[in-house]
Amino acid sequence: MRHLIGINDLSSAEIDELIAVALDIIDNPKKYSEKCRGKKLATLFFEPSTRTRLSFEAAMYELGGNVLGFSEANSSSAAKGESVADTAKMISCYADIIAMRHPKEGAPLVASMNASIPVVNAGDGGHNHPTQTLADLLTIKRKKGRFDNLTVGFCGDLKFGRTVHSLIEALSRYTGIKLVLISPEELKLPDYIKNDVIKKHGMDYIETNDLVEAMPNLDILYMTRVQKERFFNEEDYLRLKDSYILTPSKLTNAKDDLCIMHPLPRVNEISVSVDNDPRACYFVQALNGKYMRMALILKLLGIE
Ligand code: CP
């Protein structure tokens with residue numbers, strides 16, 4: 001039995017295989033519409049979500065399966081004190097696969113150690129978000145056609161942004177990746193990612209707080225929201241929340257084939273006036289998430 005807790009649970013060959021299946025699903029949706037008939041996905045969301053939960057659910061419905069679950073901790077017995085381990089044991093009696101989001105880092109790992117069905121980490125605190133990374137990789141593949149030799153700018157909250165952490169981990173396996181880490185001092189990438197991923201894999205990287213100066217070199221710009229829910233202090237959040245706002249004028253010196261990504265939800269980081277720019281990829285990125293989750297469900301359930 002396989003789980004997906006971090007992106008490194010998948011080999012590069014398996015990521016390529018998931019991308020190939022997702023592309024086939026896009027081209028031949030009917031071929032897949034009965035693949036999960038009789039199977040149930042449990043979405044256990046202890047933290048808010050729009051894209052991840054609903055795209056997981058849409059993915060299972062489009063595979064012909066069914067969905068059960070909860071979308072807030074207070075509507076589950078977690079509100080009465082039930083542990084993640086016991087919750088995972090119970091849901092194993094009712095479903096075939098679990099997608100879990102939890103504010104505590106490591107909670108999906110604990111669930112996977114106690115479940116008798118596959119568990120997918122749908123975001124754990126400020127730690128990891130591997131299925132967002134799968135959506136990101138499909139977006140890069142469709143827009144750029146490759147994962148090697150790309151200059152990737154990550155901008156905003158690099159400290160708490162779990163999607164950034166997971167995508168850097170995924171990119172570390174490819175060659176010729178240059179990272180441009182754009183953030184205010186207080187929201188810099190954590191040292192453990194710099195040491196255990198970037199430096200360990202000899203990745204080329206620079207840190208800066210200047211988005212406009214970095215812009216001309218970028219093949220991909222990955223904007224992120226300042227993660228209000230991870231701050232202990234409202235004052236710090238208010239001071240930092242609008243550190244970077246991408247507007248058409250800031251794109252003046254960007255490459256014509258820049259790929260602008262954002263895991264969403266967006267608050268102020270990208271002006272709506274950028275949405276019609278052909279380089280804006282963030283809505284198709286969210287759609288790609290559904291296709292990759294379909295491919296992942298099939299893989300973890302062992303369905304050809
Ligand atoms: N990208 C993402 O995880 O969005 P949601 O929080 O809406 O699921």
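## Two domains in contact

Let's start where the two halves of the chain meet: 31 residues of domain 1 are in contact with 24 residues of domain 2. Keep in mind that this is a predicted model. Domain 1 takes in residues 7–128 + 289–300, while domain 2 covers 131–285. Taken over C-alpha atoms, the centres of the two domains are 25 Å apart.

How much area do domain 1 and domain 2 bury between them? The value is about 2200 Å², with 55% of it on carbon and sulfur atoms. On the domain 1 side, I7, R51 and M292 lose the most area to domain 2, and together they make up 25% of what that side buries. If you wonder about the choice of unit, the size of an interface is often given as the accessible area lost when the parts come together.

## A sheet of four strands

Now look for an open sheet of four strands, whose order is β2-β1-β3-β4 and whose pairing is parallel. Why is one side of β2 (66–70) and one side of β4 left without a neighbour in the sheet? These two strands stand at the edges, and each has a single partner strand, so one side of each has no neighbour there. On average, neighbouring strands of this sheet are turned by 15° against each other, direction ignored.

You can follow one pairing residue by residue. Strand β1 (residues 40–45) runs parallel to β3, and five bridges join the two. One bridge to find is that of F45, whose partner in β3 is R101. Lying across β1, β2, β3 and β4 is helix α2 (residues 51–62), which runs at about 175° to β1.

## One face of helix α4

Helix α4 (residues 107–114) is a nice place to see how a helix can have a buried face. Its buried residues are A107, P108, A111 and S112. Seen down the axis of α4, these residues fall within an arc of 140°, so they line one face of the helix. There is a simple rule behind such patterns: an α-helix has 3.6 residues a turn, so residues three or four places apart point the same way.

What covers the buried residues of α4? The cover includes helix α3 (84–91) and the strands β3 (97–102) and β4 (119–124).

## A sheet of five strands

A second sheet to trace is also open, with five strands in the order β7-β6-β5-β8-β9 and parallel pairing. At its edges are β7 (204–208) and β9 (259–261), each of which pairs on one side only. From one strand to the next, the twist averages 15°.

Within this sheet, β5 (residues 151–155) and β8 (residues 220–223) pair in the parallel sense over four bridges. F154 has Y222 as its bridge partner in β8. Helix α6 (residues 162–171) lies across β5, β6 (178–182) and β8, and runs at about 165° to β5.

## Unusual spots in the loops

Finally, visit the loop between β9 and α10, where L264 is found. P265 lies in this loop too, and a cis peptide bond with omega of about 5° joins L264 and P265. L264 is not a glycine, yet it has a positive phi of about 65°. Is L264 buried or exposed? Residues under 20% relative accessible area count as buried, so L264, at 12% relative accessibility, is buried.

Another residue to look at is N149, in the loop between α5 (130–144) and β5. Its phi is near 55°, a positive value in a residue other than glycine.

Definitions and conventions. Residues numbered from 1 in each chain as written. Predicted model: local features only at pLDDT ≥ 70, side-chain atom pairs only at ≥ 80, totals over all residues. Heavy atoms only, no water. Pairing = 2+ DSSP bridges. Axes fitted to C-alpha atoms, helices over the stretch in contact; angles between N-to-C directions. Contact = heavy atoms within 4.5 Å. Buried < 20%, exposed > 50% of the residue type's maximum accessible area, 1.4 Å probe, protein only. Arc of directions from axis to C-beta. Domains from an automatic or database assignment. Buried area = accessible area lost by both parts, 1.4 Å probe.
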